[in-house]
Amino acid sequence: MAASQSFEVVVVGGGLGGLCAALSLRQRGLRVTVVEAAPQLGEIGAGIQTAPNASRVLFGLGLRTRLEQVRCVPQDQVRRRWADGSIIAQIPLGQRIVEQYGAPYWHYHRADLHGVLMDACLDPEGPGPIVRVATDARVIDLDRTQPERPAVLTADGRRFEGDVVIGADGIRSAVRDLAGFDDTLVFSGEMAYRALIPGDLVAQDPATRFLVDRYHSTIWYGPDKHLVHYMIRGGQHLNVVAIVPANDTIARSWSEPATAAELAAQFGDWDDRVPTVLAKAKDEDVSLWAMYRRRRNPVWVDGRVALLGDACHAMLPYQAQGASQAMEDAAVLAEELGRVTRDGIDAALVRYVDRRAKHAGMVQDASLRNMSFYHLPDGPEQRERDEKLRRFDGESDVSYHWLWSGSPLTDPDTESVHYQFAR
Ligand SMILES: Cc1cc2nc3c(=O)[nH]c(=O)nc-3n(C[C@H](O)[C@H](O)[C@H](O)COP(=O)(O)OP(=O)(O)OC[C@H]3O[C@@H](n4cnc5c(N)ncnc54)[C@H](O)[C@@H]3O)c2cc1C
């Protein structure tokens, strides 16, 4: 085969990780097909935070201006005690983060962030070949009869063949299983309520108005539970994630409907502001999710099949880094595949894993450590933790400096970062 600079990549899964990979690869001139099980590309109704390590990758894809139209800028990160709401620690975000890390800490509605990535993948004016998208295409088989042209097969009989297959199909990855990677799935024993609370109700109530007056993210710490909330979509919603011990059914069902009353009752003995704000959610905007993770394992590549995002390093969301790490995967993968011709693909994939697996594994471990760190009962250990949070720029034992600096990129996008912020 001729040593063309462009070859074909099949990305299974059109979530935030898959689309970020598709766009990054497109911009390196590769021909990409996204194969997605859902009838249409999309994301769930919930918020997401991107720390500077992820914002930097998104800016590198030329998305800054479009993201500015949909993001919220939190000014502070506030940590509160469950019983009385007293502030344990507060660190400034906003402009301080931009100055320190060259990229911002932003909040979004997931659908908005996903939409920006999707539009850029499909933009006929964008650099590189337009990404092809196949929806309603659930991958159920992998054909490696020709190891250098792996193909995925879908439930409705379609076949998508490429020079590389990327499994970006999430925590329950089919590609992972079909390619024979180890089973690393672990249930944490916890579950997350997710809720979107109407911003106008939060603004109207004098007890919760402070959440709208100055955007910030809040982490509440209590025995066996914690809660995170922040505003998204220009104040349209307060996004809430509340982690509590699992019920008897969630490990099997993975997700269940829930009500605002049930969520508020979980925090009935917390500072009044917590149940007050939670009770404002509409039942249709409350849901319950099992908290699974993947055990750290640096094997992400087998021949021409590679994994990305939750498929290889699903982590507990206790550092808000799962999607952000997937975006770092995408940037590094594209750097490596973008500089080789077909005969260099195998080595490029190994370099991708070499540059990413240890880094993402450390974030996985740190997120897991936060499970006990966040949920300490009141007592000496909790007081020691709070003291640490007061003086340490990070959580657990991973510093924000390391986390937010991200994996070193060989081709960082200095243009879009510096144009905006250095003026
Ligand atoms: C409560 C909570 C809060 C979080 N908050 C944050 C945060 O603030 N910041 C952050 O960075 N991360 C956060 N995360 C983590 C983040 O949501 C995930 O890490 C991220 O969405 C993973 O992206 P992905 O593309 O790897 O997988 P997914 O988003 O799961 O996408 C996988 C895609 O593959 C498709 N698919 C699955 N199987 C198949 C198949 N067989 N064939 C074809 N397609 C298939 C799915 O339909 C889906 O579209 C949070 C997670 C949780 C649970």
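In this predicted model, V34 faces V133 of β7 across a strand pairing. The strand β2, residues 31-35, runs parallel to β7 and is joined to it by three bridges. These strands belong to an open sheet of six, ordered β7-β2-β1-β11-β19-β18, in which the pairing is mixed. At its edges lie β7 (132-134) and β18 (301-302), each of which pairs on one side only. Helix α1 packs on this sheet, where it touches β1 (8-12), β2 and β11 (164-167). The direction of α1 makes about 165° with that of β2.

Helix α1 also has a helical partner. A pair of packed helices is described by the angle between the two axes and the distance between them. For α1 (residues 16-26) and α5 (residues 110-122), the angle is about 30° and the axes are 9 Å apart. Since angles under 35 degrees count as roughly parallel, α1 and α5 are therefore roughly parallel to each other. The crossing of α1 past α5 is left-handed. On the α1 side the contact is formed by L16, L19, C20, A22, L23 and R26, and on the α5 side by L113, H114, L117, M118, A120 and C121. Ten residues of this contact are nonpolar, one is polar and one is charged.

Turning to the ligand, 32 residues surround it, and G13, G15, G170, G309 and G322 come nearest. Helix α1 appears here again: α1, β3 (47-50), β12 (185-198) and α13 (322-337) each supply at least two residues of the shell. The most come from α13, which gives four. By character, the shell comprises 16 nonpolar, eleven polar and five charged residues.

Technical notes
Residues numbered from 1 in each chain as written. Predicted model: local features only at pLDDT ≥ 70, side-chain atom pairs only at ≥ 80, totals over all residues. Axes fitted to C-alpha atoms, helices over the stretch in contact; angles between N-to-C directions. Parallel < 35°, antiparallel > 145°, perpendicular 65-115°, else oblique. Left-handed = near helix turned anticlockwise from the far one by under 90°. Contact = placed C-beta atoms within 7 Å. Nonpolar A, V, L, I, M, F, W, Y, C, P; charged D, E, K, R; others polar. Near = placed C-beta within 6 Å. Pairing = 2+ DSSP bridges.
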